[in-house]
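Colleague: Could you walk me through one part of this fold in close detail? I'd like to know who sits next to whom.

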Amino acid sequence: MIRLDKMLAHMGYGSRKDVKELIRKGYVSVDGEIIKSDDTKVDENSEIVIFDEVVKYDKYVYLMLNKPDGYISATYDNNLPTVLDLIYGYESRGLFPVGRLDIDTFGLLILTNDGMLAHRLLSPKNHVMKKYYLRYDGKYSESFADIFKKGVKIDDYITKEAIFEDLGNNEAYMSICEGKYHQVKKMMEYVGCTVTYLERIEFGGIKLDNNLKRGEFRSLSEEEIKMLRGDYFDK
Ligand code: URA
């Protein structure tokens, strides 16, 4: 059982203060009865209606963030702002980022409290594809696609097959199925280039929503959640 106000705040209906106000004003009913006391206890079987809308309490939260630069992919840091500082309405849901983007990398970052799914998405054996758009300094060569397809030696490992798509003007897409530290930057360094801009545009089949401005987030749709749970785990 969970307090009604806590649960509604978890579900993104506002801060604890906001939802207490909604409850007191009589906008919320539980199992057909208008409830005015915010410490009423509910569980996943309670039928909660707010503004005529049935609230489905999901244990797990899945969000897509369009990460700006200047934020680190962690839940806490002593000095720097973290991606969790951009998320509101989900306090105390135990969210964490699925993997990491560098502080200066932009784009698609998934946040969840579903540890099992995150673990599977990050496990190297599942080869979850991530696609990046990048700009770089250095000389383009037609051989890049081949080189990255075969794999390059970075630190003490050889990268798995990656897809490099040249876009002209020192812009490209790079798709990788691993997540080593600074991987894309290091792969480009290997061919004598320096990444000057990096943005993740896809993760496990999910595309960055172009309607999200930098720093904005939204819940994943049912379809996107299904995609993340996708068949590749069952192979
Ligand atoms: N590769 C990088 O070099 N940095 C990122 O943030 C992600 C992939």
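Modeller: Sure, and keep in mind that this is a predicted model. Let's start with strand β7, residues 62-67, which is joined to β9 by six bridges, with the two strands running antiparallel. To put a residue pair on that, Lys 67 has Gly 107 as its bridge partner in β9. Strand β9 itself covers residues 106-112, and seven of its seven residues are buried. For that, buried means under 20% relative accessible area.

β9 also pairs with strand β8, a short run at residues 96-97, through two bridges, again antiparallel. Here Pro 97 is the residue standing opposite Leu 111 in β9.

Now follow β9 over to β15. Two bridges link these strands, and this time they run parallel. Gly 107 turns up again here, with Arg 200 as its bridge partner in β15. So if you click on Gly 107, you can look for Lys 67 and for Arg 200.

That brings us to β15, which spans residues 194-203 and is mostly covered, with seven of its ten residues buried. Besides β9, strand β15 pairs with β10, residues 130-137, in the antiparallel sense and over eight bridges. Within that pairing, Leu 134 is matched with Leu 198 of β15. If you're tracing side chains along any of these, remember that in a regular strand they alternate between the two faces of the sheet.

β15 has one further pairing to look at, with β16, which consists of residues 206-207: two bridges, antiparallel. Phe 203 is bridged to Ile 206 in β16. These two strands make a hairpin with two residues between them, and Gly 204 in the turn has a positive phi of about 55 degrees.

For another piece of the model, have a look at the open sheet of four strands, ordered β3-β2-β5-β6 and paired antiparallel. The edges are β3 (33-34) and β6 (53-55), and each has a single partner strand, so one side of each has no neighbour in the sheet. As for the middle of that order, β2 (residues 28-30) and β5 (residues 48-50) pair antiparallel over three bridges. One pair to pick out there is Ser 29, whose bridge partner in β5 is Val 49.

Note on methods:
Residues are numbered from 1 along each chain as its sequence is written. This is a predicted model: local features need pLDDT of at least 70, side-chain atom pairs count only at pLDDT 80 or more; totals for chains, interfaces and linings use all residues. Side-chain values use heavy atoms; hydrogens and water are left out. Buried means under 20% relative accessible area, exposed over 50%, partly exposed in between (1.4 Å probe, protein chains only). Two strands pair if DSSP finds at least two bridges between them.
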